Amino acid sequence: FKGGDTCEYLLSSGRFLGEKVWQPHSCMMHKYKNSEAKNCLIDKHVVFIGDSRIRQLFYSFIKLINPQVKEEGIKHGNIPFEDKSASIKVDFLWHPEVNGSMRQRIKSWTEGSVAKPHIIVVGAATWSIKIHNGSNEALAQYKINITSIAPLLEKLAISSDVYWVLQDPVYEDMLSESRKMITNEKIDAYNEAAVRILNSSSRNSKAKVKMFSVSKLIAQETIMKSADGLHLPESSRDTNAMILMNVYCNKIMKPIDGSCCQPQPPLTLIQKIAFCFFTFSIIGYLIISLIHRNNYRKNKSCTDLESGEEKKPAISTPNVSTLEMLLHCFCKLGLIMTYFYLCDRANLFMKENKFYTHSSFFIPIIYILVLGVFYTENTKETKVLNREQTDEWKGWMQLVILIYHISGASTFLPVYMHIRVLVAAYLFQTGYGHFSYFWIKGDFGVYRVCQVLFRLNFLVVVLCIVMDRPYQFYYFVPLVTVWFMIIYATLAVWPQIVQKKANGHCLWHFGLLLKLICLLTCIYFLSYSQGAFEKIFSFWPLSKCFELNGNVYEWWFRWKLDRYVVFHGMLFAFIYLALQKHQMISEGKGDPLFSNRVSNVLLFISIVSFLTYSIWASSCKNKTECNELHPSVSVVQILAFILIRNIPGYVRSVYSSFFAWFGKISLELFICQYHIWLAADTKGILVLIPGYPMFNVLVSTFIFVCVAHEISQITNDLAQIVVPKDNSTLLKRLLCIAGFFSGLHFFSTMQDQSRH
């Protein structure tokens, strides 16, 4: 379904999500802040012409620039407004009827050297109905007057944005006696006349007067809340003002979550190169496949005419060369990236704003948890945090995070705080998993490092190129990448202390604890020294990776939010492996982790701790204050969950294969959601099938999960090719990768210069 003219949709159609949130048809509306409104309207002159309803719209509009404005102007007179700091002028001109006076005012802007307003908002009709008691003669005169004004408005529309506001319906039961003649039937007749005349005059003209008809739809839902039956309630007129701001400002400010009235961004140089690369990969793969297919047919088994026996060829299946596998991966990836681009960069599919309700979050959560229980299977091993259990943990956490994102639940603070714990739990597993590997295996080779870095970053690097986004935009991948390097550096620097060495002498354990204390000290210092942190990550080439909007503040904020949890994961792994080595825990199938008495006490403490954290998170009143405490206390609920999940023998011996399946592709799910499940870089929701929200979610989710799974397979296949085990070959590949990033940097510099 083509998105179409989103400006026209914004001005003419939409629906309410809940009671106050307006959703335009097919696109997303940005909520402008005062500073953004000022930046958009700097050195601009805006004029509102009309009656008391237009005056209402005027006040709502200027409150977007300055919320302190009070509605104290003359009721039946002109009202000026000026913001000198941004050189913005907004005037309301009292012309309650479409007559000669209004025509003269509009005509004055079309003549000579008079400065024309940049935005003109016009509308009037109810006064004509009221003064002339709803007579047909008044309607006929209204048509004549609009016909005379239409060419002037068209002339202004060549250089200015001109909007004709159609009349809102009234709530007839609430109208005073002096306004009883203003009926919805009369209003419809006046609106019909205005639309017919203004549209006919601009039918063959590129620059035309835009019809602001969406106000009617908003009024139909809210006019019964009016104080007098004629004027809209404040929330409705504020919505109209915000729509007006989106129509004009979105093409200037280009907000991520304001897709209405935004043109499709032009392809960058790097995107064009990527497009050519994927095209050649697809062509190359097809050519090689055809050659192999023909060779296979020639070698196909044939019947020996002399003996009548079937001869089989030496090779029954065609060999898959490294080049063919490489092209096959890039062929699939190219098709997938095309889908990414069409979903979130081309104006092909619709996008909608998120809207949170408790049911939209909690009902899917309950559904997937129940579904997960039905896929319970026995684990292959019964150790604490075994592979199947960690995959299960990642899986259900990722599904909850996905539901959190699509439902817009970040506006509900208790849910936000619990989701922050899930993100922290991912990082906890990063600390636990990588520490365990290095401690047990003692493998600090380049191959291991390159494998991990490739698997973590491959998809994000491709998306940065195709979707024209900075690396830091996909904040979670930089986060786990940096923490992996910190874990590696901590354990790899002299002296290298691993389990095999520590078993020889207990003092090595104290040496490792000393390393961990040094790490904790560095974390503490950087978290309270923003300047030092920013200096480290402002050096080239780190600045190219971690800057967002010209600074590294966002990166510092993200890093600081979960600064201790990776350390907690490393410490937990050290303590657990030490207990396991000294046989202080029982990990047999069905056996409790400790003695019955200790297990019961720890289980009770864990449940109380888990619930206590939830109560605290649910009672949070301020996001900033809770974020300050989160890094220190999130580990409480994480450890409580681990103990609850692992102390009882039966619970430790089973897992949900449903959640584990999603856990294996959790990283791909987290990244892919940005563009092909959500939209506008996670700010909205992708709409493949408009008008059917549930069916749309089912279809887009199915495609999204399939794509994530396919990308996981592609990443695994490419990792074997790009990062081989042979050191000399690996060195050559690393030089090629260095050349690739050098070229990327060169083209990025050219791209930035052309933009400036």
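Which cysteine does a disulfide join to Cys40? The partner is Cys249, with an S to S distance of 2.0 Å. Before I go on: this is a predicted model. I will walk through its cysteines.

Stay with that pair. The torsion about the S-S bond of Cys40 and Cys249 is about -95 degrees, so this disulfide is left-handed. Cys40 sits in helix 2 and Cys249 in helix 9. They are 209 residues apart, so to speak of distant parts of the chain being linked is fair. Both ends are out of reach of the probe or close to it in numbers: Cys40 has a relative accessible area of 2%, and Cys249 has 0%. Cys40 is buried. Cys249 is buried. Next, the cysteines that pair with the loop between helix 9 and helix 10. A disulfide joins Cys27 to Cys260, at 1.9 Å from S to S. Here the torsion about the S-S bond is about 90 degrees, so the link of Cys27 and Cys260 is right-handed. Cys27 lies in the loop between strand 2 (21-24) and helix 2 (34-41), and Cys260 in the loop between helix 9 and helix 10, so the bond ties together parts 233 residues apart in sequence. Buried or exposed, these two? Cys27 is buried, and Cys260 is too.

Now Cys261. Its disulfide partner is Cys7, and the S to S distance is 1.9 Å. The link of Cys7 and Cys261 is right-handed, with 135 degrees about the S-S bond. Where do the two ends lie? Cys7 is in helix 1 (residues 6-12), while Cys261 is in the loop between helix 9 (234-253) and helix 10 (269-298), so this pair ties together parts that are 254 residues apart in sequence. Cys7 and Cys261 are both buried.

Now the overall pattern. How many disulfides does the structure hold? The count is 4. Number the bonded cysteines in sequence order, and the pairing reads 1-6, 2-5, 3-4, 7-8.

That leaves cysteines outside the pattern. Cys506 is in no disulfide. Its nearest cysteine sulfur belongs to Cys518, 19 Å away. Cys522 is in no disulfide either. For Cys522 the nearest cysteine sulfur is again that of Cys518, at 6.8 Å. A disulfide needs the two sulfurs within 2.5 Å. Cys522 counts as partly exposed, at 47% relative accessibility.

That is the tour of the cysteines.

Definitions and conventions: Residues are numbered from 1 along each chain as its sequence is written. This is a predicted model: local features need pLDDT of at least 70, side-chain atom pairs count only at pLDDT 80 or more; totals for chains, interfaces and linings use all residues. Side-chain values use heavy atoms; hydrogens and water are left out. Helices (H or I, at least four residues) and strands (E, at least two) are DSSP runs, numbered from the N terminus. Buried means under 20% relative accessible area, exposed over 50%, partly exposed in between (1.4 Å probe, protein chains only).
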